[in-house]
Amino acid sequence: MPDTGERREWLLKRNCSLTPRQTIAAWSILMGLSAGTGIFFALHGAWLVLAYSALEMAAVSVAFLVYCRHAADHEHIVLEDGSLLIEKAVGGKVLATRLDLYWMRIEAPGELITLEARGVKVDVGGYLPEASRRRFARQLREEVSARGMPPR
């Protein structure tokens with residue numbers, strides 16, 4: 001079982017359209033517009049509009065919190081020393097799994113790539129488009145084969 005001893009890493013992450021600063025700016029603008037509209041109409045006797053604005057601001061805030069909580073989700077995959085370490089960060093929680101290369105199977109049947117060794121399965125590639133996912137699966141197979149441990 002030759003192992004080249006080289007370390008190979010992949011970082012698969014979400015494609016977020018807004019930076020944290022842009023997210024705060026967008027949220028602030030929406031809150032200001034909604035509060036301004038509600039206050040304007042409340043001052044002219046339409047108090048129900050202010051209640052609706054408050055409900056809208058709460059809903060938008062919850063949506064932005066969910067977005068922010070998952071903006072940093074990623075999969076960090078490290079191949080070294082005869083094993084594959086997969087770290088999956090989802091919603092601020094990190095789950096790490098180490099798979100033995102000698103027993104590893106790599107399957108890419110559809111949406112996700114399934115990595116399995118000794119009964120432990122991990123699905124990766126959820127943040128990649130289909131073409132990139134296939135390319136990643138091919139790269140991973142090649143890297144494992146180059147280390148003298150053909151994926152099953």
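What share of the 152 residues in the protein chain is buried? The figure is 29%. Keep in mind that this is a predicted model.

I'll start with the overall layout. The protein chain has three helices and seven strands. Reading from the N terminus, the order of elements is β-α-α-β-β-β-β-β-β-α. The chain is more spread out than a compact globule, because its radius of gyration is 23 Å, well over the 15 Å that the globule rule gives for 152 residues. You can also look at the box filled by the C-alpha atoms: along the principal axes it is roughly 80 × 25 × 25 Å.

Next, contacts and surface. Take the contacts between residues at least 6 apart in sequence: 52% of these join residues at least 24 apart. The exposed area of the protein chain is about 9,700 Å², and 61% of that comes from carbon and sulfur atoms. As for charge, there are 19 positive and 17 negative side chains. The centres of these two sets lie 2 Å apart.

Now to one pair of strands. Strand S3, residues 83-90, pairs with strand S4, residues 93-100. The pairing is antiparallel and runs over eight bridges. Within it, leucine 85 in the one strand faces arginine 98 in S4. How many residues lie between S3 and S4 in this hairpin? There are two, and glycine 91 in the turn has a positive phi of about 60 degrees.

Two residues other than glycine also have a positive phi, and I'll take them in turn. Aspartate 81 sits in the loop between strand S2, residues 74-80, and S3. Its phi is near 50 degrees. Is aspartate 81 buried or exposed? With a relative accessibility of 59%, aspartate 81 counts as exposed, since the cut-off for that is over 50%.

Arginine 118 is in the loop between S6 and strand S7, residues 120-124. It is not a glycine, yet its phi is positive, about 50 degrees. Arginine 118 is exposed too, at a relative accessible area of 61%.

Last, a proline. Where is proline 109? Proline 109 lies in the loop between strand S5, residues 105-107, and strand S6, residues 113-117. Its relative accessible area is 69%, so proline 109 is exposed. Proline 109 and arginine 134 are 25 residues apart in sequence. In space, their C-alpha atoms are 9.8 Å apart.

Key: Residues are numbered from 1 along each chain as its sequence is written. This is a predicted model: local features need pLDDT of at least 70, side-chain atom pairs count only at pLDDT 80 or more; totals for chains, interfaces and linings use all residues. Side-chain values use heavy atoms; hydrogens and water are left out. Helices (H or I, at least four residues) and strands (E, at least two) are DSSP runs, numbered from the N terminus. The radius of gyration is taken over C-alpha atoms; the globule rule is 2.2 Å times the number of residues to the power 0.38. Buried means under 20% relative accessible area, exposed over 50%, partly exposed in between (1.4 Å probe, protein chains only). Contact means heavy atoms within 4.5 Å. Accessible areas come from the Shrake-Rupley method with a 1.4 Å probe; for residues, only the protein chains shown count as cover. Lys and Arg count as positive and Asp and Glu as negative; His and the chain ends are not counted. The place of a charge is taken as NZ of Lys, CZ of Arg, CG of Asp or CD of Glu. Two strands pair if DSSP finds at least two bridges between them.
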